[in-house]
Amino acid sequence: MISKRPATVLGFIAAGALALTACGSDNNTATPGANNTAAPAPTATTPVECGGKKSLVAEGSSAQKGAIEAFVAAYGAKCSGQQLAYTPSGSGAGVKQFNAGIVDIGGSDSPLNKDKGEVEAAAKRCQGNPAWNLPLVFGPVGIAYKLDGVTSLTVTPELTAKIFSGAVTKWNDPAVAAVNSGATLPDKAITVIYRGDESGTTDNFQKYLKAAGKGAWTKDAGKKFNGGVGQGAQGSAGVADAIGAGDGTIGYIEWSYVQDKKLSAAKLDSGSGAVELGAEGAAAAIKSAKVKGEGNDLVLDLDSLYASNTAGAYPLVLATYEIVCSKGYDADTTKAVKAFLNVAATDGQGALAEAGYVPLPNEFQAKLLGAIKAIA
Amino acid sequence: MSDSDTVGRPGAPGLARGPRGGAAPDTAPEAPISTPQGSGGSPVQPPKVITRPGDKIFKALTVGSGVFVVAMIALIGIFLLIQAIPSLADNQANFLFGRDWDADPQGGLAFGVLDLLLVTVFSAVFALIIAMPISLGIALFLTQYAPRRLARPFAYLVDLLAAVPSIIYGLWGAYVLAPALSPISTWLNEHLGFIPLFATGTSNLAIGQTIFTAGIVLAVMLLPIITAISREVFDRTPPMQIEGALALGATKWEVVRTTVLPFGRAGYISASMLGLGRALGETIAVLIILSSTTSHFGFSLFDGGDTIASKIARAAQEFNDPRGAGAYIAAGLVLFVLTFVVNAFARSIISGHKEYE
Amino acid sequence: MSTATDLNRPAAPPAFQEINASRRFKNRLATILVAGTFVLALAPLVWLLITVIAKGFQYVLNADWWQKSLAGLTSRQFGGGVYHAIVGTLLQGLICAVIAVPIAVMVAVYLVEYGKRSRLAKAVTFTVDILSGVPSIVAALFIYALCITTLGMPRSAFAVSLALVLLMIPVVVRTTEELLKIVPDELREAAYALGVPKWKTIVKIVIPTAMSGIITGITLAIARVMGETAPVLVLVGYTTFINYDPFGGSMASLPLLMTSERLTTNEVGEARVWGAAVTLILIITVFNLLGSLISRLTSLKTK
């Protein structure tokens, strides 16, 4: 008797829970956000064979999160019912998860590193076949700052290196004033915000400072920030938040975050005039990038890109890779991975500029499609 | 009834219960009683203890569950230790006294937990120092001062603080409280900066991702925990003592000071220790609020840094290499031991006081 | 009472002496301070709730919010909902309860009905105390070390539930133990007198008597573990799709959605984070209300 009532109530809860589970849906129609000045999307198309594993799993760089989301939307539109779940937990995590065989595609801001045994581990994961680094997503990295009263700031690679290694600690330092003639710079301390977690953005940024900083960057490159100044924040979002919340702050984040947070980004002067952060400057820089990987392993030679001083180019560009097996997936996964990458390299490119990325240049797209086709 | 009781089980203290059947919820007697009714009709022979299979199975199940729970706590320690040992063996730094954390398995492990431990303890103690007097006040207010009718709803409000998930505390702390605290911390830093506690730290004050902010949020999270237990203890102050004090002409405050506080002190301290344990292990709120840093911890409230828990959570996505994960598991083991000791200490304070039960 | 003490002093010394000014001041001060702490404690609660509601309430008013996932939306597109995370949160909480409750109730039965003051009972009580103080991140690490490194399971929602079990057991043991203790012994004795075996007495008499309280305790415990973030962070991946399978694949939950969408720095991300915060608070409130409702509905019967 006594036990009847609670049991009934429990029954109601269970029924309620069941009713709730019955009505959910993954079916979304997107309300598009505001359009950015669109850089031209590449034009080639390729036949996409949908099917295979229903939900792919990918993990890695938070820098390509927005691009992957655009790709996933395009993938779902092209191949209905097909999904890809992307966990933006950082490049380090992406590589590790890929090598551990937990995810199908790894997203990384740096190619697999031979010295660290990543190449070997990846080959093992792919049943003895090499893994390929496919640079699918390009995005400029902004040097964002917040300094009350200063709306326009120009930096040179050398000055950036000095700021991020602690050689320049005040905003009114002569070194800052030298490239910002006319601006009134306050007597404030510079607070450097860096990525506290391991990150490919940090790696690229430090490589850039090393290549272009004219010797001012004496520290190592690597996924960990080695500048030795400032305070760390979690993820690009954390960096963006911290820059926005402070005064006198400066940090490096992907363009999309600069847009989202409406931060000011410094113009970059590589020796032939200051260039604004944006798709145009980045696209100009990417065109000059060279591939140094072998065959379909499309690893980019970033040092030459970073050191270039082409007029109108913004060379602080992050190339982020999709790490995939050249062979060694099961048939279902192979089919789905190829379909996803094909959609990403074609249909997915259209929405990229809006999300803060640079669409692939035509010649690059051709190389990528060739590589994707070769996956077996 | 009491007849058969005493006859059946001569050793049982059945007599004591005779006159006042309804009153005392005494926990002792049911086991002895279970045997005699089988032979209730024949008081002459000592009855056999009948064990039914159902009883055996059921008892085994309950004992099993009990053993399972005890084993669980041992397993936690053992498993963490097993997983930590290989990484500790590879560690090139001194684990307990090293101050730098490098758990990247590719570069060779060199991790020391000292800095994390210091930040953990420092922020938790700071939170406790804020939370203790306030919870004491709340507990006194709810048990001694608040009008009887309102005491319960008021207590419910304080308990609501415990129902809020810590991630929401974290978001609130980082995005709302941190900017609001920045004038206070700037003022403290400017005027009291000569005290090491308020010295300029590694975290920018305008952003507010400091131990100061984290500690205050932690303190808010501790309030309901410390208050709930203190309240219970204060409520059990013998009315005789209170009435005695009142009869001697004591003011309300004097009543509290001379009867309630001495009576409840041990419970209050124990509650605070439990709160400390909670603060030591808090993860997500600290993770969201604190900025990380590459400098060593400088014992300033305005430092950033990582507690053990937040460091583990920060790296959680990268637990794929067993050796790297092992380093974090080793840190987790330290946290486990730390909270174990604090909690055991808290319980030992209260278990010496029979009057609380 | 009277202030002019010198003029009309009574012949006999008064039975009650005046409280002198300093004592009165201290008393007044203590009252103000004590009441002040209470107000001080409510300030963050009110502030926090207002913040969350102001930032997130508008989003949960949309029907889509409760029925759709965030599948296929980029971080710059409004729309969609958190259905996938609600499902994950409830599923993980319920699986956890299904595992934890029987164990916890049995432990409580052992402590009250069998263990008494035996050594094992003392050890169990001590362990439950310690277990209730184990940080959630340590519980998560333990499950990680046990299931994922040692047993080779993939990260999954089930692993999260297992970690939550560790956090839930002590809470349920505590409440159940308290409730079983206050079940009147007369009930047990009456059953024994009728020749009912002990185990049946416990199952059919003792536990049902305490049932309403136990269920209330369980609901509150579920509400508590559903807000835990550390285990989901370590033990399962996030996805924007609906996943009903606790053993395979990534599964969202409200806390995980909040930590993940926190990385989206624009208004869309903010909407999702604060909307999810409101949703989580609403769900926890519903569970809490359910708890007190159950105890109210069922406690009448026991009298």
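## A tour from helix crossing to chain ends

Start with α3(B) and α3(C): these two helices make a left-handed crossing (left-handed means the near helix is turned anticlockwise from the far one by less than a right angle, right-handed means clockwise). Helices here are DSSP runs of H or I with at least four residues, strands are runs of E with at least two, and both are numbered from the N terminus.

Before you click further: this is a predicted model, where local features need pLDDT of at least 70 and side-chain atom pairs count only at pLDDT 80 or more, while totals for chains, interfaces and linings use all residues. Residues are numbered from 1 along each chain as its sequence is written, and chains are lettered from A and ligands numbered from 1 in the order in which they are written.

**Stop 1: α3(B) against α3(C)**

Keep both helices selected. Their axes come within 8 Å and cross at roughly 110° (axes are lines fitted to C-alpha atoms, for helices over the stretch in contact, and angles run from 0 to 180 degrees between N-to-C directions). The pair is therefore roughly perpendicular, the label for 65 to 115 degrees, against roughly parallel under 35, roughly antiparallel over 145 and oblique for the rest.

Now show side chains. From α3(B), pick K59(B), L61(B), T62(B), V63(B), S65(B), G66(B), F68(B) and V69(B). Opposite them on α3(C) are I103(C), M106(C), V107(C), V109(C), Y110(C), Y114(C) and G115(C). Contact here means C-beta atoms, placed from the backbone, within 7 Å. Colour this contact by class and you get 10 nonpolar residues, four polar and one charged (Ala, Val, Leu, Ile, Met, Phe, Trp, Tyr, Cys and Pro are nonpolar; Asp, Glu, Lys and Arg are charged; the others, Gly among them, are polar).

**Stop 2: the whole B–C interface**

Zoom out to chains B and C. Their contact takes 76 residues from chain B and 80 residues from chain C. On the chain B side, helix α3 (residues 53–90) gives the most, with 18 residues. That side of chain B divides into 49 nonpolar, 20 polar and seven charged residues.

**Stop 3: inside chain B**

Hide chain C and select helices α7 (residues 211–235) and α9 (residues 252–281) of chain B, which pack at about 150° with their axes 8 Å apart. This crossing is right-handed. On the α7(B) side, look for L218(B), L222(B), I225(B), I226(B), I229(B), S230(B), V233(B) and F234(B). Among the α9(B) residues they meet are V260(B), G264(B), G267(B), Y268(B) and R278(B). The residues of this contact split into 12 nonpolar, six polar and one charged.

Next, try the annotations. An unreviewed UniProt entry lists "transmembrane region" at residues 66–89, 109–142, 154–178, 206–230, 279–299 and 325–346 of chain B; UniProt positions follow the numbering used here, feature names are shortened, and annotations may be inferred rather than shown by experiment. Residues 66–89 of chain B are 100% helix and 0% strand, with end C-alpha atoms 35 Å apart. Residues 109–142 of chain B are 85% helix and 6% strand, and there the end C-alpha atoms are 52 Å apart.

**Stop 4: chain C**

Bring chain C back. The unreviewed UniProt entry puts "domain: ABC transmembrane type-1" at residues 86–295 of chain C. That span is 79% helix and 0% strand, with its end C-alpha atoms 25 Å apart. Among the "transmembrane region" spans that UniProt lists for chain C are 123–144 and 156–173. Residues 123–144 of chain C are 91% helix, and residues 156–173 of chain C are 94% helix.

**Stop 5: over to chain A**

Show chains A and C together: 41 residues of chain C touch 42 residues of chain A. Helices α3 (83–115), α8 (198–226) and α11 (267–302) of chain C each supply at least two residues of the chain C side. The largest share, six residues, comes from α11(C). By class, the chain C side has 17 nonpolar, 20 polar and four charged residues.

In chain A itself, select residues 46–345, listed as "domain: PBP" in the unreviewed UniProt entry. This stretch is 36% helix and 22% strand, and its end C-alpha atoms are 9 Å apart.

**Last stop: colour by confidence**

Switch to pLDDT, the predictor's confidence in each residue from 0 to 100. Chain A has a mean of 83, with 90% of its residues at 70 or more. Among its elements, α1 (residues 4–21) has the lowest mean, 57, and α5 (residues 157–165) the highest, 93. Chain B has a mean of 84, and 84% of its residues reach 70 or more. Confidence in chain B is lowest in α1 (residues 2–8), at a mean of 39, and highest in α4 (residues 114–145), at 95. Finish on residues 1–42 of chain B, where pLDDT stays under 50 and the model has 47 contacts beyond four places in sequence.

Methods:
Two residues are in contact if their C-beta atoms, placed from the backbone, lie within 7 Å.
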